[in-house]
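User: I should like to learn how the terms used for a protein model follow from its values. May I put some questions about the structure below?

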Amino acid sequence: MSSPDPQVRAARNPSTSPAPRGPVVAVTGAASGMGALLTERLAASEEIKQVIAIDERRGECDGAQWHILDVRDPAIAEKLRGADVVVHLALDLDLETDPAARSAYNVRGTQTVLTAAAAAGVHRVVLCTSSMVYGALPDNELPLSEDAELRATAEATGVGDLLEVERLARRAPRAHPGLNVTVVRPAVLVGGTDTALTRYFESPRLLVVAGSRPAWQFCHVEDLCSALEYAVLEKVDGELAVGCDGWLEQEEVEELSGIRRMELPSAVALGAAARLHRIGLTPSPAGDLAYTMYPWVVSGSRLHEAGWRPQWTNEEVLAELLEEVAGRHTVAGRRLGRKDATAAGAAGATVALLGTAALVRRARKARRRI
């Protein structure tokens, strides 16, 4: 009787099954958020040989090899030895983090990871920023090509850090010949996220600046995760934008969400937002408003040409976002009930935002009477 087929023997005896021939992948920020989601996905993939998980605490994925350390520690180079690809997701974009501390962590961490990866012989680093780096401007094309100029400024939450990460990404291959850097830029990210743009939908009214032209494009974390996997497996490289196909106009968002708009003149909205942030009543600087005023929709053509497709539509992601934020109440970017903001303080922020124009008029009248 002939011997069983080698594949049959391997199936009967898993210990003789050939090891996966794919890359060894290191993921930073692997214990939570997008890092945890990607670590689980890669650990379960037959196309990945091994996953090295790096964070300041151990996560829940048992299929990864864990190293506990700060990504700013140069000792990370030793932990990256043997890795083919590094996905750097250890970024702090928390609205409540001190901006100076946040920037120091994000920039130093990215610098250290790029340098350590080159020293360890890693051939590819995948960085994740945001499509916000293109800037939200009234003359933006719909959609923007991935090669469009990065015209954002550092006036919005975390965008200055992301622009610096982008600069580091472009310099790294020159500083470290042989190191390939891929940058993935998601649209408005939804799925367990907390940003100024997701908090926009926690307000009792959607603030619309008069004369603006918003266009909303979302990206579900599951779609970002699959796009990152494409980059890890070298199915695509370069600078990549990722998001749902197409976009929603403001009127469509209002109809789908059932949330009515509150329209204010540009000078009033931007002036009030700047003052409220300056006195500490809101975590969001006035620059965040631009991303709710003007389009920054991206095409995602490079991923599409590689065969990738989003599994979520803008309508589906918006519905999930609305479900996530149900029961939360945010005014002027500040959540009610947070330890560092009383309901009265948050209510005062709303009054300040809505009543700025009236207060200015009253002050002017008072001065004229004197």
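User: Where does Ser130 lie, and why is Ser130 called buried?
Analyst: In this predicted model, Ser130 belongs to the loop between strand E5 (124–128) and helix H5 (159–175). Its relative accessible area is 8%, and buried means under 20%, so Ser130 counts as buried.

User: What makes the approach of the side chain of Ser130 to the backbone nitrogen of Met132 a polar contact?
Analyst: The side chain of Ser130 comes to 3.0 Å from that nitrogen. A polar contact requires N or O atoms within 3.5 Å, and 3.0 Å meets this limit.

User: Which residues does Ser130 touch, not counting residues up to four places away in sequence?
Analyst: They are Leu162, Val184, Arg185, Pro186 and Trp296.

User: What is notable about the peptide bond from Leu142 to Pro143?
Analyst: This bond is cis, its omega being near -5°. Pro143 is also found in the loop between E5 and H5.

User: How many aromatic pairs does a search of the whole structure find, and why is the pair of Phe201 and Phe218 called tilted?
Analyst: The search finds six aromatic pairs. For Phe201 and Phe218, the centres are 6.1 Å apart and the planes make an angle of 55°. Centres within 6.5 Å qualify as a pair, planes under 30 degrees apart count as stacked and those over 60 as edge-to-face. The angle of 55° falls into neither of those two classes, and therefore the pair is tilted.

User: Why is this pair said to tie together parts of the chain?
Analyst: Phe201 lies in the loop between helix H6 (196–199) and strand E8 (206–209), whereas Phe218 lies in strand E10 (residues 218–220), so the pair links parts that are 17 residues apart in sequence. Both rings belong to an aromatic cluster formed by Tyr200, Phe201, Trp216 and Phe218.

User: How do you know whether Phe201 and Phe218 are buried or exposed?
Analyst: Phe201 has a relative accessibility of 3% and Phe218 has 0%. Buried means under 20%, so Phe201 and Phe218 are both buried.

User: What supports the span of helix H7, and how covered is H7?
Analyst: H7 (residues 221–232) has 12 residues and reaches 16 Å from its first C-alpha to its last, close to the 16 Å expected at 1.5 Å a residue. H7 is mostly covered, with 11 of its 12 residues buried; among them are Val221, Leu224, Leu228 and Tyr230. The charged end of Lys235 sits over the ring of Tyr230, at 4.7 Å from the centre of that ring.

User: How do you know that helix H9 has the expected span?
Analyst: H9 (residues 266–278) has 13 residues, which should span 18 Å at 1.5 Å a residue; the end C-alpha atoms are 18 Å apart, so the two values agree. The buried residues of H9 are Val268, Ala269, Gly271, Ala272, Ala273 and Leu276. Just after H9, Gly280 takes a positive phi of about 85°.

User: What is stated about the phi of Glu234, and why is Glu234 called partly exposed?
Analyst: Glu234 has a positive phi of about 60° although it is not a glycine. This residue is found in the loop between H7 and strand E11 (239–242). Its relative accessible area is 41%; buried means under 20% and exposed over 50%, so Glu234 is partly exposed.

User: What makes E8 and strand E13 (residues 261–264) a pair?
Analyst: Pairing needs at least two bridges; E8 and E13 have four, in the parallel sense. Leu207 stands opposite Met262 in E13.

User: Which faces of these strands are covered?
Analyst: Both faces of E8 are covered, by the burial of Leu206 and Val208 on one side and of Leu207 and Val209 on the other. Along E13 the side chains alternate: Met262 and Leu264 point to one face and are buried, while Arg261 and Glu263 point to the other and are not.

User: How many helices and strands does the protein chain have, and what share of its residues is buried?
Analyst: The chain has 12 helices and 15 strands. Buried residues make up 50% of its 370 residues.

Definitions and conventions
Residues are numbered from 1 along each chain as its sequence is written. This is a predicted model: local features need pLDDT of at least 70, side-chain atom pairs count only at pLDDT 80 or more; totals for chains, interfaces and linings use all residues. Side-chain values use heavy atoms; hydrogens and water are left out. Helices (H or I, at least four residues) and strands (E, at least two) are DSSP runs, numbered from the N terminus. Buried means under 20% relative accessible area, exposed over 50%, partly exposed in between (1.4 Å probe, protein chains only). A polar contact is a pair of N or O atoms within 3.5 Å; within protein, one must be able to donate a hydrogen and the other to accept it, and residues adjacent in sequence count only if both atoms are side-chain atoms. Contact means heavy atoms within 4.5 Å. A charge sits over a ring if NZ of Lys or CZ of Arg is within 6 Å of the ring centre and within 35 degrees of the ring normal. The expected span of a helix is 1.5 Å times one less than its number of residues.
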